[in-house]
Amino acid sequence: MTLDAFLHEIDAPPRSLTVVNRSAPKPIQRMLETTFDGQPVSIDEEDAPQSDTDMLVLSEETEDGVEVIATSPLEEFMNSILMVNSDLYITGQTDLENFELPSVLTQLDDVPFSLRGYPESDKEKLLLIAISRYIERHAWRSGAGRLRSSFQRLSRINDERGTRTVYESIAEAGVQTHVYGIPDWQPPLEFGLVSHGGYTEDFRDSWFVVYTPPDGDSDGNADNVSSTPDDEPAPTDAARSDDHEVGAPVALLALETEPRRWEGYWTFRPDLVEKIDGYITRNM
């Protein structure tokens with residue numbers, strides 16, 4: 001068993017993003033469509049006289065019809081995804097204190113994404129980068145608990161100035177911070193990071209950022225955490241945590257299934273976060 005067994009743990013209803021009363025240029029709409037091209041999220045636009053201009057609405061299909069689950073100004077999505085690139089995160093131009101993502105993005109949890117990296121796409125992979133930083137900030141704000149993050153190569157932490165600064169800050173905040181990857185670099189003791197090196201598929205191909213609060217101590221309760229995703233059904237939507245609640249469990253999991261192509265999702269479901277965390281604890 002490897003981490004890819006957890007890729008089938010989600011079952012989200014169909015979701016759509018709608019631009020309401022667009023006044024932004026047409027290329028912005030095309031950029032939004034391109035970002036989600038081939039993903040299980042439909043993109044459209046509509047005019048609604050009673051609504052504000054340039055709003056982005058996230059909805060999902062339920063047994064009772066279409067339900068709106070989040071709304072955000074289109075400008076927020078433009079400033080966090082459409083009009084930026086990964087250099088913003090790598091070079092440290094974003095800081096944890098001021099970093100925010102629009103709720104229409106964070107609420108795309110439990111959606112299975114298949115994303116391409118550069119040069120095939122310069123936007124798709126950015127979704128995973130942005131959510132990773134969101135979880136890192138979530139851990140930093142909590143100031144307790146445990147964060148587990150994989151980098152494929154541990155040297156990436158040192159090579160990317162922004163990443164290094166973020167992980168130093170998280171460890172300094174009192175979060176037990178574990179990092180995983182091929183051991184081509186060893187964090188200095190003053191970093192406060194716990195490093196885990198290896199050469200198996202899980203180390204080489206995984207991208208995960210998993211935060212668990214103090215009460216979800218997987219290391220202390222490893223015998224009580226199942227590492228087999230088929231042991232029980234996935235939690236229902238009612239079991240999903242509030243993604244803005246400080247200290248709530250949250251995880252991103254993605255795997256590089258072929259060069260520069262990632263399959264994965266993020267989730268706020270406590271049971272699923274605990275199972276992923278438990279597997280990492282036992283096997284990495």
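Trainee: Is E45 buried, partly exposed or exposed?
Mentor: Keep in mind that this is a predicted model. E45 comes out at 33% relative accessibility. Buried would need under 20% and exposed over 50%, so with a value in between, E45 counts as partly exposed.

Trainee: Which residue forms a salt bridge with E45?
Mentor: Look for a side-chain nitrogen of Lys or Arg within 4 Å of a carboxyl oxygen. For E45, the closest N and O atoms of such a pair are 3.3 Å apart. The partner of E45 is K26.

Trainee: How many residues apart are K26 and E45 along the chain?
Mentor: K26 is in helix 1 (residues 26–35), while E45 is in strand 2. The pair links distant parts of the chain, and the separation is 19 residues.

Trainee: What about D184 and R153, which parts does that pair tie together?
Mentor: D184 forms a salt bridge with R153, with the closest N and O atoms 3.8 Å apart. The two residues are 31 apart in sequence. R153 is in strand 6 (residues 146–153) and D184 lies in a loop, so the pair ties strand 6 to the loop between strand 7 (176–182) and strand 8 (193–197).

Trainee: Is K275, the salt-bridge partner of E9, buried or exposed?
Mentor: The closest N and O atoms of E9 and K275 are 3.0 Å apart. E9 has a relative accessible area of 9%, so E9 is buried. K275 has 6%, and the cut-off for buried is under 20%, so K275 is also buried.

Trainee: Where do E9 and K275 sit along the chain, and how many residues apart are they?
Mentor: E9 is in the segment before strand 1 and K275 is in helix 9. That makes the pair a link between distant parts of the chain, 266 residues apart.

Trainee: Helix 9 also holds Y279; what separates the C-alpha atoms of Y279 and L3?
Mentor: Y279 is found in helix 9 (residues 270–283), and is buried because its relative accessible area is 2%. Along the chain, Y279 and L3 are 276 residues apart. In space, their C-alpha atoms are separated by 7.9 Å.

Trainee: Back at strand 2, which residues gather with D44 in the patch of negative charge?
Mentor: D44 is in strand 2 (residues 41–46). With a relative accessible area of 35%, D44 is partly exposed, and a patch takes residues over 30% with no salt bridge, so D44 can be part of one. On the surface, D44 gathers with E33, E46 and D47.

Terms used:
Residues are numbered from 1 along each chain as its sequence is written. This is a predicted model: local features need pLDDT of at least 70, side-chain atom pairs count only at pLDDT 80 or more; totals for chains, interfaces and linings use all residues. Side-chain values use heavy atoms; hydrogens and water are left out. Patches are made of residues with over 30% relative accessible area and no salt bridge: like charges are joined within 9 Å, nonpolar side chains (Val, Leu, Ile, Met, Phe, Trp, Tyr) within 5 Å. Accessible areas come from the Shrake-Rupley method with a 1.4 Å probe; for residues, only the protein chains shown count as cover. Lys and Arg count as positive and Asp and Glu as negative; His and the chain ends are not counted. The place of a charge is taken as NZ of Lys, CZ of Arg, CG of Asp or CD of Glu. Helices (H or I, at least four residues) and strands (E, at least two) are DSSP runs, numbered from the N terminus. Buried means under 20% relative accessible area, exposed over 50%, partly exposed in between (1.4 Å probe, protein chains only).
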